[in-house]
Amino acid sequence: MTQPPHDEPTASSPDELREQVEQTRNELGETAEALAAKTDIKARAQDKTAAVKDQAAAKAGELKEQAAVKAGELKTKAVDLAHHAQDRLPEPVKDKAAQAAGQARATAAQAGQLWQDKAPEPVRQKAAQGAQLTRHNRKALLAAAGVAAAVWLACRRRKG
């Protein structure tokens with residue numbers, strides 16, 4: 001038989017010896033599992049892949065949220081600019097614009113009636129689809145028209 005190392009206590013009873021043997025087996029089993037986990041490259045790669053995938057999903061969520069916030073800010077700024085440009089228009093220009101809009105509505109109504117009387121059915125259906133699309137995107141079209149008017153006025157003032 002071999003002598004135990006001098007730095008480890010010896011068992012004083014068979015029960016204590018069994019307990020030490022059991023503890024040593026458990027420690028040895030844990031060590032073997034840890035070594036096996038370190039050598040299991042496939043499992044480690046899968047774990048790393050899952051972690052990177054989770055990080056990418058989190059970053060994508062953050063970027064999506066930031067983009068939504070920025071889009072909201074830009075929309076608000078565009079609306080504010082359109083209102084500001086509209087507020088700066090002189091009253092005679094606003095009056096002329098209102099008159100022109102009224103005349104345009106009247107002319108459009110006449111043209112619409114003429115269209116209904118003269119246009120073939122397939123062409124009228126396509127035009128109705130376009131009108132419906134325009135109605136669904138009304139706010140964007142109005143905002144674009146407001147910005148275009150503001151740009152036109154700014155360019156006109158620079159020339160004059």
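Student: What pattern does the protein follow, read along the sequence?

Tutor: Helices and strands here are DSSP runs: H or I over at least four residues for a helix, E over at least two for a strand, numbered from the N terminus. In this protein the pattern is α-α-α-α-α. That comes to five helices and zero strands. Note that this is a predicted model, where local features need pLDDT of at least 70, side-chain atom pairs count only at pLDDT 80 or more, and totals for chains, interfaces and linings use all residues. Residues are numbered from 1 along each chain as its sequence is written, and side-chain values use heavy atoms, with hydrogens and water left out.

Student: What average pLDDT does the protein have?

Tutor: pLDDT is the predictor's confidence in each residue, from 0 to 100. The average for the protein is 83, and 93% of the residues score at least 70. Among the elements, helix α1 has the highest mean, 88, while helix α4 (residues 121-136) has the lowest, 81.

Student: What radius of gyration does the protein have, beside that of a compact globule?

Tutor: The radius of gyration is taken over C-alpha atoms, and the globule rule is 2.2 Å times the number of residues to the power 0.38. For 160 residues, a compact globule would come near 15 Å, but this protein has 40 Å. Now look along the principal axes. The C-alpha trace spans about 115 × 45 × 25 Å.

Student: How many of the residues count as buried, in percent?

Tutor: Buried means under 20% relative accessible area, exposed means over 50%, and partly exposed lies in between (1.4 Å probe, protein chains only). Of the 160 residues, 2% count as buried. Take Gly-102 as a case. Gly-102 is found in helix α3 (residues 91-118). Gly-102 counts as partly exposed, because its relative accessibility is 30%. From Gly-102 to Arg-88 there are 14 residues in sequence and 22 Å in space, C-alpha to C-alpha.

Student: What area does the protein expose, and which atoms supply 59% of it?

Tutor: Accessible areas come from the Shrake-Rupley method with a 1.4 Å probe; for residues, only the protein chains shown count as cover. The protein exposes about 14400 Å², and carbon and sulfur atoms supply 59% of that.

Student: How many positive and negative side chains are there?

Tutor: Lys and Arg count as positive, Asp and Glu as negative; His and the chain ends are not counted. Each charge is placed at NZ of Lys, CZ of Arg, CG of Asp or CD of Glu. There are 26 positive and 21 negative side chains, and the centres of the two sets lie 27 Å apart.

Student: How many salt bridges does the count come to?

Tutor: Side chains of opposite charge can pair when their charged atoms come close. A salt bridge is a side-chain nitrogen of Lys or Arg within 4 Å of a carboxyl oxygen of Asp or Glu. The count here comes to four.

Student: Where do Arg-18 and Asp-15 lie?

Tutor: Both are in helix α1 (residues 14-39), three residues apart, so about one helical turn separates them. They form a salt bridge, with the closest N and O atoms 2.9 Å apart. Both residues are exposed.

Student: Which residue forms a salt bridge with Glu-62?

Tutor: Lys-59 does, and the closest N and O atoms are 4.0 Å apart. The two sit three residues apart in helix α2 (residues 41-88), so about one helical turn separates them. Glu-62 is partly exposed at 43% relative accessibility, and Lys-59 is partly exposed at 46%.
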